[in-house]
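Trainee: Please take a close look at one polar side-chain contact in this model, and then follow the helix that holds it outward to the rest of the chain. I would like a connected account in which each classification is justified.

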Amino acid sequence: MPDTAATPPQWTPTHGEPYRPVPYRPGRTPAEESLARSAQLSRRMAERRTVRRFSADPVPEQVVKDAIACAATAPSGAHQQPWTFVLVKDPEVRRRIREAAEHEEKISYDGRLGEEWLAALRPLGTDAVKSHMTDAPALVVVFQQRYWVGEDGTRHKHYYVDESVGIAVGMLLSALHLSGLAALIHTPSPMRFLREVLDRPENEKAFAVIPVGYPADDCHVPDLVRKSLDQVLVEI
Ligand code: IYR
């Protein structure tokens with residue numbers, strides 16, 4: 001028997017040929033079971049918090065890789081999967097990312113953001129010090145592939161890149177949380193330095209830096225209130 005389990009099929013770009021339809025029969029989940037799952041899931045997701053104070057304790061690397069694998073199942077424009085996830089464990093590289101991010105953030109907090117934006121951030125108490133970059137044992141840096149380059153060097157457009165990568169990042173944050181890890185979605189701005197520090201190609205643009213770890217023992221989070229369902233849901 002061929003050992004198919006060991007070698008999953010590798011994705012290769014399509015050349016315009018239609019996908020072969022394959023049966024999809026996931027089985028119908030009984031409504032009662034669905035209700036039990038949805039109620040539990042919404043409770044579990046409500047426990048997710050953005051963490052800015054991380055313990056330096058290591059995390060199981062496979063959990064982070066599994067969460068990235070979950071993210072990479074996201075739907076994407078024309079199924080082009082326009083994302084790259086860079087998992088940064090090396091403390092020296094994390095230090096360089098922190099240094100470059102803090103350089104940009106200092107300029108931002110010193111006025112580049114503008115008064116209205118700074119006022120919006122004030123309740124959260126964020127500032128230009130980004131110790132989470134070096135405290136958390138891992139950073140997942142997410143890049144958008146703005147286009148792809150064919151074998152002959154021609155550029156091909158990707159579609160709905162912001163939406164696709166945004167959905168993937170949402171799935172990543174959910175997977176990390178449900179697996180028991182804490183994370184922060186951090187968007188240093190501008191983020192150009194990430195392509196250089198991480199040696200990524202021209203077609204990739206940094207989307208977010210996501211420190212991953214466990215909350216520090218003295219971690220506090222703001223006492224936020226989320227909008228209730230009736231504040232966010234319109235039924236017609
Ligand atoms: N990128 C900056 C500023 C910042 C902006 C928003 I909008 C936030 O929700 C939080 C922070 C920073 O990371 O501090």
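Mentor: The side chain of Glu92 makes a polar contact with the side chain of Arg95, at a distance of 2.9 Å, and since this is a predicted model, that distance is a computed value like every other one here. Glu92 has its place in helix α3, and it counts as partly exposed because its relative accessibility of 39% falls between the bounds of 20% and 50%. To place Glu92 against a remote part of the chain, one can take Gly180, which is 88 residues away from Glu92 in sequence and 26 Å away in space, from C-alpha to C-alpha.

Helix α3 also leads to the ligand. Both α3, which spans 91-112, and α4, which spans 115-121, supply at least two residues each of the shell around the ligand. That shell is made up of Glu105, Tyr109, Trp117, Leu121, Lys130, His186 and Thr187, and by residue class it divides into three nonpolar, two polar and two charged residues. Several of these side chains have polar atoms close to ligand oxygens: an N or O atom in the side chain of Tyr109 is 2.4 Å from an oxygen atom of the ligand, a polar side-chain atom of Lys130 lies 2.5 Å from a ligand oxygen, and for His186 the corresponding distance is 3.0 Å. Of the 370 Å² of accessible area that the ligand has on its own, the protein covers 70%.

It helps to set this helix within the whole chain. The protein chain contains eight helices and six strands, and along the sequence they follow the pattern α-α-β-α-α-α-β-β-β-α-β-α-β-α. Taken along the principal axes, the C-alpha atoms fill a box of roughly 60 × 55 × 40 Å, and buried residues account for 33% of the 236 residues.

From here the account can turn to the part of the sequence between helix α2 and strand β1. Glu61 has its place in helix α2 and is partly exposed, because a relative accessible area of 33% lies between 20% and 50%; its C-alpha is 25 Å in space from that of Phe193, with their positions 132 residues apart in sequence. The loop that runs between α2 (61-71) and β1 (83-88) holds Ser76, which counts as buried because its relative accessibility of 15% is under 20%. The side chain of Ser76 reaches the backbone nitrogen of Gln81 at 2.9 Å, and Gln81 itself lies in the loop between α2 and β1. The backbone of Gln81 has a phi near 50 degrees, which is a positive value in a residue other than glycine, while its relative accessibility of 21% is the reason that Gln81 counts as partly exposed, being over the 20% bound for buried residues.

Ser76 can in turn be compared in position with Ala175, which lies in helix α6, residues 161-178. The two are 99 residues apart in sequence and 18 Å apart in space, from C-alpha to C-alpha, and Ala175 counts as buried because its relative accessibility is 10%, under the bound of 20%. In the loop between β4 (155-157) and α6 one finds Tyr160, which has a positive phi of about 50 degrees although it is not a glycine. Tyr160 is classed as exposed because its relative accessible area of 60% is over 50%.

Two further local features complete the picture. Arg155 lies over the face of Tyr147, at 4.2 Å from the ring centre, whereas the count of aromatic ring pairs, for centres within 6.5 Å, comes to zero. Finally, Ser189 and Pro190 are joined by a cis peptide bond with an omega of about -5 degrees, and Pro190 has its place in the loop between β5 (182-183) and α7 (192-197).

Notes: Residues numbered from 1 in each chain as written. Predicted model: local features only at pLDDT ≥ 70, side-chain atom pairs only at ≥ 80, totals over all residues. Heavy atoms only, no water. Near = heavy atom within 4 Å. Polar contact = N/O pair within 3.5 Å; in protein donor to acceptor, adjacent residues only side chain to side chain. Areas by Shrake-Rupley, 256 points an atom, 1.4 Å probe, with all protein chains shown as cover. Helix = DSSP H or I, 4+ residues; strand = E, 2+ residues; numbered from the N terminus. Nonpolar A, V, L, I, M, F, W, Y, C, P; charged D, E, K, R; others polar. Phe/Tyr/Trp six-rings, centres within 6.5 Å; stacked < 30°, edge-to-face > 60°. Lys NZ or Arg CZ within 6 Å of the ring centre and 35° of its normal. Buried < 20%, exposed > 50% of the residue type's maximum accessible area, 1.4 Å probe, protein only.
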